Amino acid sequence: MAFDLGGGKGGIRPAMNVTPLVDVVLVLLIIFMVVTPLMTKQMWQDVPGKADEQAEISPPPPGALPPVVLTVTKSGAVQINREDVPRDQLVARLQRMINARPDKIVFFDAENDVPYGSAMEVLDLARGGNITVAVVPDAVAEPAAP
């Protein structure tokens, strides 16, 4: 503590030394200035557009082939474009269909109440035949029957 030895009425009176306080505050300020940019993290996300933007998507051209959709139903049946297919013929039929197409992609869809194991079994069968499989999101409508 510092003391003021002024000749006033009170004589000696104590005064607080603020130099250590200012030093500590400046050190903390410098620490926060260095650490703050390190705490910000950049994460890039692709957010889907609004419903209005999705409505502006143009329909496919008239000569385009309909997509190949592999579906698993609640009963466990496997369908390709809404046509039932036995599981032992699934890979061979998918390979024939894909070889005749330029895009070489099969879209996979499972109904809501299908057990996870059944859906994964069919997906593994398709992927085991070296077929590129894309999972259809819930909001996409199925194609019309051929």
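Author: In this predicted model, a residue is called buried when its relative accessible area is under 20%, exposed when it is over 50%, and partly exposed in between.

Reader: Why does Asn81 count as buried?

Author: The relative accessibility of Asn81 is 17%. The cut-off for the buried class is under 20%, and Asn81 therefore counts as buried. Asn81 is placed in the loop between S4 and S5. Its phi is positive, at about 50°, although Asn81 is not a glycine.

Reader: Why does Lys104 count as partly exposed?

Author: For Lys104 the relative accessibility is 36%. Buried would require a value under 20% and exposed a value over 50%; Lys104 meets neither condition, and therefore counts as partly exposed. Lys104 belongs to the loop between H3 and S6, and its phi, near 60°, is a positive value in a residue other than glycine.

Reader: What makes Arg101 buried?

Author: Arg101 has a relative accessible area of 11%. Burial requires a value under 20%, so Arg101 is buried. Arg101 also lies in the loop between H3 and S6. With neighbours within four places in sequence left aside, its contacts are Leu65, Pro66, Pro67 and Val68.

Reader: Which residues of S3 point one way, and which the other way?

Author: Val68, Leu70 and Val72 point one way from S3, whereas Val69 and Thr71 point the other way. In a regular strand, side chains alternate between the two faces of the sheet. Residues on both sides of S3 are buried, and the strand is mostly covered, with five of its five residues in the buried class.

Reader: What makes S3 and S6 a parallel pair?

Author: Two strands pair if at least two bridges are found between them. Strand S3 (residues 68-72) and strand S6 (residues 105-110) have five bridges, in the parallel sense, so the requirement of at least two is met. Leu70 has Phe108 as its bridge partner in S6, and Thr71 stands opposite Asp109 of that strand.

Reader: How do you know that S3 and S4 pair, and in what sense?

Author: S3 and S4 share three bridges in the antiparallel sense. At least two are required, and S3 and S4 therefore qualify as a pair. Val72 stands opposite Val78 in S4. The two strands form a hairpin with five residues between them, and Gly76 in the turn has a positive phi of about 95°.

Reader: Why is the pairing in the sheet called mixed, and what is the order of the strands?

Author: The order of the open, five-stranded sheet is S5-S4-S3-S6-S7. S3 pairs with S6 in the parallel sense and with S4 in the antiparallel sense; the pairing of the sheet is mixed. Strand S5 (83-85) and strand S7 (132-135) are the edge strands, each pairing on one side only. From one strand to the next the twist averages 35°.

Reader: Which helices pack on or lie across the sheet?

Author: Helix H3 (residues 90-99) packs on the sheet and touches S3, strand S4 (78-80), S5 and S6. The direction of H3 makes about 15° with that of S4. Helix H4 (residues 116-128) lies across S3, S4, S6 and S7 and runs at about 170° to S6. Angles between N-to-C directions run from 0 to 180 degrees, so about 170° places H4 and S6 in nearly opposite directions.

Reader: How many residues has the largest nonpolar core, and which have the most contacts inside it?

Author: The largest nonpolar core has 17 residues, and those with the most contacts inside it are Leu70, Ile80, Leu90, Leu94, Val106, Phe108 and Val122. At least two residues of this core come from each of S3, S4, H3, S6 and H4. H4 gives the most, with four residues. Leu94 touches Val68, Leu70, Ile80, Val106, Ala126 and Ile131, not counting residues up to four places away in sequence. In soluble globular proteins, nonpolar side chains tend to be buried together.

Reader: What is the order of elements in the protein from the N terminus on?

Author: The elements run β-β-α-α-β-β-β-α-β-α-β, and the protein has four helices and seven strands. Of its 146 residues, 18% count as buried. The protein exposes about 11600 Å², and carbon and sulfur atoms supply 61% of that area.

Conventions. Residues are numbered from 1 along each chain as its sequence is written. This is a predicted model: local features need pLDDT of at least 70, side-chain atom pairs count only at pLDDT 80 or more; totals for chains, interfaces and linings use all residues. Side-chain values use heavy atoms; hydrogens and water are left out. Contact means heavy atoms within 4.5 Å. Buried means under 20% relative accessible area, exposed over 50%, partly exposed in between (1.4 Å probe, protein chains only). Accessible areas come from the Shrake-Rupley method with a 1.4 Å probe; for residues, only the protein chains shown count as cover. A nonpolar core is a set of buried Ala, Val, Leu, Ile, Met, Phe, Trp, Tyr and Cys residues joined through side-chain atoms within 4.5 Å.
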